[in-house]
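Here is a short briefing on one protein chain and its ligand. Keep the structure open while you read.

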Amino acid sequence: MGVTNKTPEFLAMNPIGKVPVLKTSDGSVFESNAIAKYVARIGEGELLGTTPIDMAHVDQWIFFSMNEIDRHVMTWLLPLFGLPGVHYNQTIENNAIQGVKRGLDSLNAYLASKTFLVADMVTVADIILTCDLLLGFTMIWDAPFTAPYPHVTRYFFTMVNQPEFSKILGEVKQTTAPKKKEKETKPKEEKPKKEKQPKQPKPAEAPKPKPVEKGPEDAAEEDEAPAPPKKPNPLDLLPPSPMKIDDWKRLYSNTKAAVFRDVAIKGFWDMLDPEGYSLWFCDYKYNDENTVNFVTMNKVSGFLQRMEFINKYAFAKMCILGDSAPFEIKGVWLFRGQEIPQRVLEECYDIELYEWKKVDLSDEAQKNRVSDMFEETDLIDGKTLLECKCFK
Ligand SMILES: N[C@@H](CCC(=O)N[C@@H](CS)C(=O)NCC(=O)O)C(=O)O
């Protein structure tokens, strides 16, 4: 998401350009619940229910989960992530919270006498509902919030502790610090002193925000942000560099994996102009929050989208590390000049969510770490590389 999900190839698989999409040799499938049912169908089939009425009940709970849980969770949560174009609104949040409570209340009553949703077995409805509850339990519903729903809580933890779930989700812990409008963990004192403090965890001033689909309720909330004034870019005033960053990006993109180290990485160090460019490691400060892998990935995609305006002067690899939650985000950036560009510090609030350390080019270990991230080796800092996103 945020990288290839609007390409013609992707839109051919899902015209609305959303993830996930499942690609199979018979064709592609979008909409996560359709994907889940397809996967269930090509297995032994029993996850779908075994009688017509059980099958209908499986569908009933899938639609319930989608309409009475997931829809409200997403409306509640998405504005808190700081995605471009998704705006926080108190009334919308309150309505979403009421919607969630109504859904949980009825689910709680139903589960008082049941272990699973349909019959006495796990079905794809349990899988979907559990996944829809996951974001709630891990991000916004702390124990006081879920106290009125003990059967939902018992059901949820029974499910996520099944080996089939924990293999994918790792250990699931209920949040003790629910995500709120204000990002309390953001250390205000470390903010470079700028007049432009981010108002909310959302980049209203990010240039060219990509449109994100909004629910109908959000429509009234759209800001008309004026285009940023055109200032000469100080990076264009630096002494010319013999290194052309586009040559590196081309080499990076066109080198086959098998020879990547010998050709692309070697080529990079050969072409690097250490006077015209600098390399920086970044290390996310709040890895404890990274409890859900795709949310962590979205966080990184959002950061890279907000950096789009510096694209001509930068290249980066951002890595998500770890076999299970909490996931770590670490990366390396190549910037024109010897500092993190001023406009980046001013306009991209993500910068302050990371520790930044300039790469010491006299230290082979640091250079190797850069090479590993560029190459996407299986392990980075001894941790499994789960996903790597490239800024180029
Ligand atoms: N109903 C869809 C929702 C998919 C969805 O909203 N995906 C988001 C990420 S969680 C997305 O791809 N957004 C990108 C966009 O809206 O352009 C499903 O369950 O698959």
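The points below go from the whole chain to the ligand, the cores and a few unusual backbone spots.

The model is a predicted one. Its chain has 392 residues, and 47% of them are buried. The secondary structure comes to 13 helices and eight strands.

**Chain overview**

- The accessible surface of the chain is about 20300 Å². Carbon and sulfur atoms account for 56% of that surface.
- Take the contacts between residues at least 6 apart in sequence: 72% of these join residues at least 24 apart.

**Ligand site**

- The ligand has 10 residues around it. Those that come nearest are Lys 6, Lys 18, Val 19, Glu 31 and Ser 32.
- By class, this shell holds four charged, three polar and three nonpolar residues.
- Lys 6 uses its side chain: an N or O atom there is 2.4 Å from an oxygen atom of the ligand.
- Val 19 uses its backbone instead, with an N or O atom 2.8 Å from a ligand oxygen atom.
- Glu 31 places a polar side-chain atom 2.7 Å from a nitrogen atom of the ligand.
- On its own, the ligand has 510 Å² of accessible area, and the protein covers 73% of it.

**Nonpolar cores**

- The largest nonpolar core has 44 residues. Trp 76, Leu 104, Leu 117, Leu 133 and Trp 141 touch the most other members.
- Five helices give two or more residues each to this core: H3 (52-77), H4 (90-111), H5 (124-140), H7 (150-160) and H8 (163-169).
- H5 supplies the largest share, 10 residues.
- Which residues does Trp 141 contact, leaving aside neighbours within four places in sequence? The set is Ile 69, Val 73, Trp 76, Val 100, Leu 104, Leu 133, Gly 136, Thr 146, Gln 174 and Thr 175.
- A second core, separate from this one, has 31 residues. Met 297, Ile 320, Phe 335 and Val 344 are among them.

**Cis peptide bonds**

- Most peptide bonds are trans. Two that are cis follow.
- The bond from Val 19 to Pro 20 is cis, with omega near 0 degrees. Pro 20 sits in the loop between helix H1 (8-13) and strand E1 (21-24). Val 19 is also one of the residues that come nearest to the ligand.
- The bond from Ala 325 to Pro 326 is cis as well, with omega near -5 degrees. Pro 326 belongs to the loop between strand E4 (314-321) and strand E5 (328-336).

**Positive phi**

- Most residues other than glycine have a negative phi. Two with a positive value follow.
- Glu 376 has phi near 65 degrees. This residue lies in the loop between helix H13 (364-375) and strand E7 (379-380).
- Is Glu 376 buried or exposed? Its relative accessible area is 35%, so Glu 376 counts as partly exposed.
- Asp 381 has phi near 50 degrees. Asp 381 is in the loop between E7 and strand E8 (383-391).
- Asp 381 is also partly exposed, because its relative accessible area of 39% lies between the 20% limit for buried and the 50% limit for exposed.

Conventions:
Residues are numbered from 1 along each chain as its sequence is written. This is a predicted model: local features need pLDDT of at least 70, side-chain atom pairs count only at pLDDT 80 or more; totals for chains, interfaces and linings use all residues. Side-chain values use heavy atoms; hydrogens and water are left out. A residue is near a molecule or strand if one of its heavy atoms lies within 4 Å of it. A polar contact is a pair of N or O atoms within 3.5 Å; within protein, one must be able to donate a hydrogen and the other to accept it, and residues adjacent in sequence count only if both atoms are side-chain atoms. Accessible areas come from the Shrake-Rupley method with a 1.4 Å probe; for residues, only the protein chains shown count as cover. Ala, Val, Leu, Ile, Met, Phe, Trp, Tyr, Cys and Pro count as nonpolar, Asp, Glu, Lys and Arg as charged, and the others, Gly among them, as polar. A nonpolar core is a set of buried Ala, Val, Leu, Ile, Met, Phe, Trp, Tyr and Cys residues joined through side-chain atoms within 4.5 Å. Buried means under 20% relative accessible area, exposed over 50%, partly exposed in between (1.4 Å probe, protein chains only). Helices (H or I, at least four residues) and strands (E, at least two) are DSSP runs, numbered from the N terminus. Contact means heavy atoms within 4.5 Å.
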